[in-house]
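Please work through the exercises below with the sequence and the structure at hand. Each task is followed by a solution in steps.

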Amino acid sequence: MTKSAPPVPLSRNRDYTLLWAGQACAEVGFSASMIAFPLLVLALTGSAAASGLVLAADAVAQLVAGLPAGALVDRWNRKLVMLACEAVQAAALASLVAVVLWEVATIPHLVAVAAVLGTCRALFEPAEDASLPSLVPDSQLATAVAMNGARSSVGQMAGTALGGVLFAVARWVPFLLDLLTHVVAFVALAFVRLPRRAAATAATPDLRREIAEGLRWVWRHPEIRVTAACAMSLNLFFSAYYLIVIVLADRRDIPAAQIGVMAAMLGVGGVAGSLLAPYLHRTLSPYLSIVGVFWALTALAPIALVVDNGYLMGVLFAGMALLAPTANTTITTHQLLLTPDALRGRLSGVMNVVVGAAAALGPVLGGLLVEAVTADQAVLLCAAGMAVVTVFVTANRTLRHYPSKKGTPE
């Protein structure tokens, strides 16, 4: 009997590397645009409310399109979906560069562009997630998931810094950068060899029925249902906590430069955690991988009350972000291996909506808490919320028996 050859290292996987590198560029451009959007609106109108409207258009578009996008990704050719998303985003950004360059930009146009970008990401992310098991062997899937997380963190840090610098050069330059990165991502994706999928068997496709099928799949599997609820709860409280700590730092007269370092250190922790995630995923049990991040956040959150230095607060943020990629790697890898290929787009769509809703509601909760009580009390309330979720996660029977072996598609 001949032994099968071991898989090539992920770094030599041509198709995965092309996809990863192209999307790494796109992440940088996206983050540059996201920091430039509110700066542009403020320069045009001086209205903070208008800035919020443009950013909200992006977030709302992702949430509204999330569930239908997952179903469409399972129905359509996933590579073509990703290529179309890159092309549409490039076209939308080209129109934005043109109107800003010619000084005829309007708020409705900016809102429309932001909504297009959000809708495209709602389609692209499930298509990429669902395609990942076809590009890498099961034994390397956890590492691929972790490296995608590192890609996002690095792109956020680099893009945010570049966006501010380039906006100071000219208002349209950050959007040109985003446009060019999507062109690079389109070209890289065009050379990715994604295996063909079996055609959908439904004679008369029904989007509502397909969405319902995806929701039923998530609900029928306790480990998916419970981890989705836990992720939503933790993201809600942490998003609120993040805003509250920024307000707390400002009220303590911490310099703006140090506050910027604080925010950047969250990304540094995410990158370091993503690099550690493959090792921790192999070393820790799934239960410890998931519970560890909840206990870390619960233990670290109150420390913000006694830290009055922006750099030390940044170290705190980095520590809070360190274990999250390991939990995400454990959960996402199991979900992708458990879910049949025909439902992976819908799985990703549901999870993106769950996490996105929490991330959108968190700052609202944080703002309301800061208005209702002192910033110190708001920190304690968020820490208490995290502690309640942590106790539930620790005691939950489903998570204590979370599968330690890879799932088998049903």
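The exercises that follow concern helices, their packing and selected residues in a predicted model.

**Exercise 1. Helix length and capping**

Task: Compare the span of helix α3 with the span expected at 1.5 Å a residue, and describe the two ends of the helix.

Solution.
- Step 1. Helix α3 covers residues 78-101 and has 24 residues.
- Step 2. From the first C-alpha of α3 to the last, the distance is 35 Å, which is close to the expected 34 Å.
- Step 3. At the N-terminal end, N77 acts as a cap: one of its side-chain oxygens lies 3.0 Å from the backbone nitrogen of K79.
- Step 4. Just after α3 comes E103, with a positive phi of about 60°.

**Exercise 2. A second helix, with its buried residues**

Task: Repeat the span check for helix α11, and state which of its residues are buried.

Solution.
- Step 1. Helix α11 comprises the 12 residues 310-321, so at 1.5 Å a residue it should span 16 Å.
- Step 2. The end C-alpha atoms of α11 are 16 Å apart, in agreement with that expectation.
- Step 3. At the start of α11, a side-chain oxygen of N309 comes within 2.8 Å of the backbone nitrogen of Y311.
- Step 4. The buried residues in α11 are G310, M313, G314, L316, F317, A318, M320 and A321.
- Step 5. An α-helix has 3.6 residues a turn, so residues three or four places apart point the same way. The list of buried residues, including G310, M313, G314 and F317, may be read with this in mind.

**Exercise 3. Helix α4 and its partners**

Task: Determine how α1 and α3 are oriented with respect to α4.

Solution.
- Step 1. Helix α1 (residues 14-45) packs on helix α4 (residues 107-135) at an angle of about 160°, and their axes are 12 Å apart.
- Step 2. Angles over 145 degrees count as roughly antiparallel. The helices α1 and α4 are therefore roughly antiparallel to each other.
- Step 3. Their crossing is left-handed. On the α1 side, the contact involves residues including Y16, L19, F30, F37 and L44, and on the α4 side residues including I107, L110, L117, F124 and L132.
- Step 4. For α3 and α4 the angle is also about 160°, with the axes 9 Å apart.
- Step 5. It follows that α3 and α4 are roughly antiparallel to each other; here too the crossing is left-handed.

**Exercise 4. From a helix pair to a single residue**

Task: Describe the packing of α5 against α12, and then place T329 within it.

Solution.
- Step 1. The axes of helix α5 (residues 141-169) and α12 come within 9 Å and cross at roughly 125°.
- Step 2. The pair α5 and α12 is therefore oblique, and the crossing is right-handed.
- Step 3. From α5, the residues L141, A142, V145 and A146 meet N328, T329, T332, T333, L336 and L337 of α12.
- Step 4. T329 lies in helix α12, which covers residues 324-338. Its relative accessibility is 0%, so T329 counts as buried.
- Step 5. Beyond residues up to four places away in sequence, T329 touches A142, V145 and A146, and also A277 and H281.

**Exercise 5. Two helix residues compared**

Task: Are S239 and L381 buried or exposed, or partly exposed, and what do they touch?

Solution.
- Step 1. S239 is located in helix α8 (residues 222-251). With a relative accessible area of 14%, S239 is buried.
- Step 2. The side chain of S239 reaches the backbone oxygen of N235 at 2.8 Å. Apart from neighbours within four places in sequence, S239 contacts A358, A359, G362 and P363.
- Step 3. L381 belongs to helix α14 (residues 375-395). Its relative accessibility is 42%, so L381 counts as partly exposed.
- Step 4. With neighbours within four places in sequence left aside, L381 contacts L369 and V373.

**Exercise 6. Positive phi in loops**

Task: Where are E103 and D253 placed, and are they buried or exposed?

Solution.
- Step 1. Most residues other than glycine have a negative phi.
- Step 2. E103 has a positive phi near 60° without being a glycine. The residue sits in the loop between α3 and α4, and at 72% relative accessibility E103 counts as exposed.
- Step 3. D253, likewise not a glycine, has a positive phi of about 65°. D253 is in the loop between α8 and α9 (256-283), and its relative accessible area of 67% makes it exposed.

Note on methods. Residues numbered from 1 in each chain as written. Predicted model: local features only at pLDDT ≥ 70, side-chain atom pairs only at ≥ 80, totals over all residues. Heavy atoms only, no water. Helix = DSSP H or I, 4+ residues; strand = E, 2+ residues; numbered from the N terminus. Expected span 1.5 Å × (residues − 1). Buried < 20%, exposed > 50% of the residue type's maximum accessible area, 1.4 Å probe, protein only. Polar contact = N/O pair within 3.5 Å; in protein donor to acceptor, adjacent residues only side chain to side chain. Contact = heavy atoms within 4.5 Å. Axes fitted to C-alpha atoms, helices over the stretch in contact; angles between N-to-C directions. Parallel < 35°, antiparallel > 145°, perpendicular 65-115°, else oblique. Left-handed = near helix turned anticlockwise from the far one by under 90°.
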